[in-house]
Amino acid sequence: MVEINGVQSSTKQIVCGVPHGSILGPLLFNLYVNDMESAVNCILMLYADDSALVVSSRDLATVERILSGELYNLSKWLVDNKLSLHLGKTESLVFTSKKKIKSNPELKISCNNVEIKSVKSVKYLGIVLDQTLSGKQMANNIIQKTNSRLKFMYRQAQYLNSKAKKTLCNALIMSQFDYCSSTWYPGLTKTLKQKLQICQNKVVRFILNFGNRHHVGPDQLHRLNWVDTCHRVTQLRLNHVHSIYYEYGPSYLMGNFTKLSSVHKYRVLKSIKIRTKCGKISLKYTV
């Protein structure tokens with residue numbers, strides 16, 4: 001039954017599924033798909049109804065063969081459990097080195113006689129992943145959003161004081177800078193990092209009513225209780241590790257750390273062999 005403006009509809013009995021937006025909906029769905037992992041033999045990443053299959057191999061043909069088979073097994077499990085796989089929204093992506101990208105690698109995967117589209121980048125849980133995990137497209141998206149949203153707020157600036165401006169900028173712009181920044185920011189080129197800093201400077205000028213050419217430095221950032229983009233990412237990363245170490249976050253994240261003496265606060269559990277520069281600036285390696 002639904003109610004709108006005090007008027008109730010006739011009642012209907014629910015025999016399958018749960019109402020959209022219900023309180024118990026997410027929990028019941030997680031329970032429902034809890035055994036989905038048993039349907040495949042590769043890595044299955046689950047977040048609500050967003051699923052990703054991950055297969056690793058040096059041979060592209062091997063990846064294609066395994067993924068096609070696992071995708072079929074997964075689609076069969078979904079059908080058996082009265083769910084469906086939207087093959088039109090399913091995409092495949094190859095993560096590889098810049099050198100191998102020049103050969104234009106594409107995955108040729110099919111499921112139930114439907115060919116899966118191979119893409120150069122994919123948006124997963126709000127993060128844009130490209131083939132080299134460089135974070136370039138993610139940064140460009142943030143720069144574009146920052147410029148467009150600042151233009152909109154400048155048109156409404158006469159109705160906003162500094163406090164309201166800061167609140168709006170934190171909610172609409174700086175939240176874009178912060179979201180999963182530890183995954184995409186460290187791999188950016190120096191040029192892209194400078195462009196992001198320029199965008200933050202624009203936001204500071206807007207909040208403090210500065211002109212377009214007004215210098216923005218540590219003093220101006222301090223007035224807003226902010227730091228520059230580089231140190232902002234470092235601060236968020238440290239907060240993340242702090243939450244993991246003191247078990248404020250999900251318990252499975254603690255598997256990457258072990259508590260030592262009071263002198264050594266934390267260390268990586270397993271020895272990690274890093275072959276690329278991108279790997280050396282990852283969260284797990286640097287801590």
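A residue is called buried when its relative accessible area is under 20%, exposed when that area is over 50%, and partly exposed in between, as found with a 1.4 Å probe on protein chains only. By this scale Asn225 is exposed, with a relative accessible area of 69%. The structure is a predicted model, in which local features need pLDDT of at least 70 and side-chain atom pairs count only at pLDDT 80 or more, while totals for chains, interfaces and linings use all residues. Residues are numbered from 1 along each chain as its sequence is written, and side-chain values use heavy atoms, with hydrogens and water left out.

The chain contains eleven helices and eleven strands, where helices (H or I, at least four residues) and strands (E, at least two) are DSSP runs numbered from the N terminus. Of the 287 residues in the chain, 31% are buried. Contact is taken to mean heavy atoms within 4.5 Å. Among contacts between residues at least 6 apart in sequence, 54% join residues at least 24 apart.

Two asparagines stand out in the backbone. Most residues other than glycine have a negative phi. Asn225, in the loop between α8 and α9 (229-245), nevertheless has a positive phi of about 60°. A positive phi of about 60° is also found at Asn209, again not a glycine, which is placed in the loop between α7 (190-207) and α8 (218-223). Asn209 is exposed, its relative accessible area being 54%.

Aromatic rings were examined next. Rings of Phe, Tyr and Trp (for Trp, its six-membered ring) pair if their centres lie within 6.5 Å, and planes under 30 degrees apart count as stacked, over 60 as edge-to-face and the rest as tilted. Under these limits the whole structure holds four aromatic pairs. One of them joins Tyr154 and Phe206 in an edge-to-face arrangement, with 4.8 Å centre to centre and 70° between the planes. Because Tyr154 belongs to helix α4 (residues 136-155) and Phe206 to helix α7, this pair ties together parts that are 52 residues apart in sequence. Phe206 is buried, at 1% relative accessible area, whereas Tyr154 is partly exposed at 41%. The pair of Tyr246 and Tyr248 is stacked, since the ring centres are 6.4 Å apart and the planes stand at 25°. Tyr246 is partly exposed, with a relative accessible area of 40%, and Tyr248 is exposed, with 62%. Ring pairs also link Tyr245 with Tyr246 and Tyr248 into a cluster.

Charged side chains accompany some of the rings. A charge is said to sit over a ring if NZ of Lys or CZ of Arg is within 6 Å of the ring centre and within 35 degrees of the ring normal. Lys165 lies over the face of Phe206, 4.8 Å from the ring centre, and the charged end of Arg232 sits over the ring of Trp226, at 5.6 Å from its centre.

Empty space was then considered. On a 1 Å grid over the protein atoms alone, a cavity is a set of points where a 1.4 Å probe fits but cannot get out, and a pocket is an open set with protein on both sides within 12 Å along at least five of seven lines; lining residues have an atom within 4 Å of a point. Grid points are joined across faces, edges and corners, and a volume is the space filled by probe spheres set on the points. One cavity of 30 Å³ or more is counted by this rule. The largest cavity has a volume of about 50 Å³ and is lined by Phe177, Asp178, Trp184, Tyr185, Leu196, Thr229, Arg232 and Val233. The elements giving two or more residues to this lining are α5 (162-178) and α9, and α9 supplies the largest share, three residues. In sorting the lining, Ala, Val, Leu, Ile, Met, Phe, Trp, Tyr, Cys and Pro count as nonpolar, Asp, Glu, Lys and Arg as charged, and the others, Gly among them, as polar. The lining of the largest cavity thereby divides into five nonpolar, one polar and two charged residues.

The second largest pocket encloses about 530 Å³ of space. Its lining has 18 residues, of which Gly17, Val18, Gly25, Leu28 and Phe29 lie nearest the centre of the pocket. Nine residues of this lining are nonpolar, seven polar and two charged.
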